[in-house]
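Please open the model in your viewer and keep the sequence panel in sight. We will move from one selection to the next.

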Amino acid sequence: IIPVDPADIVRIEAAGEYSRLVLPGQTIMSRIGMRECEERLASYPFLRAHRSHLVHNDTIVRAEPAGNGRLQLTLRNGDQVITSRDGARLVRERAI
């Protein structure tokens, strides 16, 4: 068991029935699935950018069009995530 402060999480990526928590300089595999991660982090500023990605709002440094209504997010650690159309809508709503 490794305690993780939600403020340190850059993004969470689905990995089958597991989740990959991406932190600055470290990646942790978790037995907790994406749905449970999303539920546990509901009170923190995370958004479901795609069915396989939860992104911490404060880590988004740039959002650029990726075609077909999607966005390409660049995160503060340099990772890039392509949103779904619904995820792009959420990013646009929270940017206002």
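In what order do the 5 strands of the open sheet lie? Before selecting them, please note that this is a predicted model, where local features need pLDDT of at least 70 and side-chain atom pairs count only at pLDDT 80 or more, while totals for chains, interfaces and linings use all residues. Residues are numbered from 1 along each chain as its sequence is written, and side-chain values use heavy atoms, with hydrogens and water left out.

**Stop 1: the five-stranded sheet**

The order is β3-β2-β1-β5-β4, and the pairing is antiparallel. Strands here are DSSP runs of E with at least two residues, helices are runs of H or I with at least four, and both are numbered from the N terminus. Two strands pair if DSSP finds at least two bridges between them. Colour residues 26-30 and 46-50 to see the edge strands, β3 and β4, each of which pairs on one side only. From one strand to the next, the twist averages 25 degrees; axes are lines fitted to C-alpha atoms, for helices over the stretch in contact, and angles run from 0 to 180 degrees between N-to-C directions.

**Stop 2: the β4-β5 hairpin**

Add residues 53-56, which make up β5 and are joined to β4 by 4 bridges in an antiparallel run. A hairpin of 2 residues connects β4 to β5. Which residues in β5 are the bridge partners of Leu-47 and Arg-48? Leu-47 has Val-55 as its partner, and Arg-48 has Leu-54.

Keep Leu-54 selected and add Ile-9, which sits in the segment before β1. Their C-alpha atoms are 9.8 Å apart, with the two positions 45 residues apart in sequence. Is Ile-9 buried or exposed? Ile-9 is buried, with a relative accessible area of 4%; buried means under 20%, exposed over 50%, and partly exposed in between, using a 1.4 Å probe and protein chains only.

**Stop 3: a salt bridge across the chain**

Select Arg-11 and Asp-79 next. They form a salt bridge whose closest N and O atoms are 2.8 Å apart; the term means a side-chain nitrogen of Lys or Arg within 4 Å of a carboxyl oxygen of Asp or Glu. This pair links distant parts of the chain, 68 residues apart: Arg-11 is in strand β1 (residues 11-15), and Asp-79 is in the loop between β7 (70-75) and β8 (80-82). Arg-11 counts as buried at 11% relative accessibility, whereas Asp-79 is partly exposed at 22%.

Extend the selection to Glu-13 and Arg-20, and you have a network of salt bridges linking Arg-11, Glu-13, Arg-20 and Asp-79. How many salt bridges does the structure hold? There are 7.

**Stop 4: the three-stranded sheet**

Now show the open sheet of 3 strands, ordered β6-β7-β8 with antiparallel pairing. Its edge strands are β6 (60-67) and β8, each pairing on one side only, and here the twist averages 20 degrees from one strand to the next. β6 and β7 run antiparallel and are joined by 6 bridges.

Zoom in on Arg-62, whose bridge partner in β7 is Thr-74. The side chain of Arg-62 also meets that of Glu-64 in a salt bridge, 3.1 Å from N to O. Arg-62 is partly exposed at 46%, and Glu-64 is partly exposed at 35%.

**Stop 5: helix α2**

Select residues 85-95 for helix α2, where Arg-89 and Glu-93 lie 4 residues apart, about one turn of the helix. Their side chains meet in a salt bridge at 3.0 Å, N to O. Both partners are partly exposed, Arg-89 at 40% and Glu-93 at 46%.

**Stop 6: the largest pocket**

Finally, show a surface. How much space lies in the largest pocket? The answer is about 430 Å³. A pocket is an open set of points on a 1 Å grid over the protein atoms alone, where a 1.4 Å probe fits, with protein on both sides within 12 Å along at least five of seven lines; lining residues have an atom within 4 Å of a point. Grid points are joined across faces, edges and corners, and the volume is the space filled by probe spheres set on the points.

Select Ile-2, Leu-21, Ser-30, Ile-32 and Arg-40: of the 16 lining residues, these are the closest to the pocket's centre. β3 and α1 (34-40) each supply at least two residues of the lining, with the largest share, 3 residues, coming from β3.
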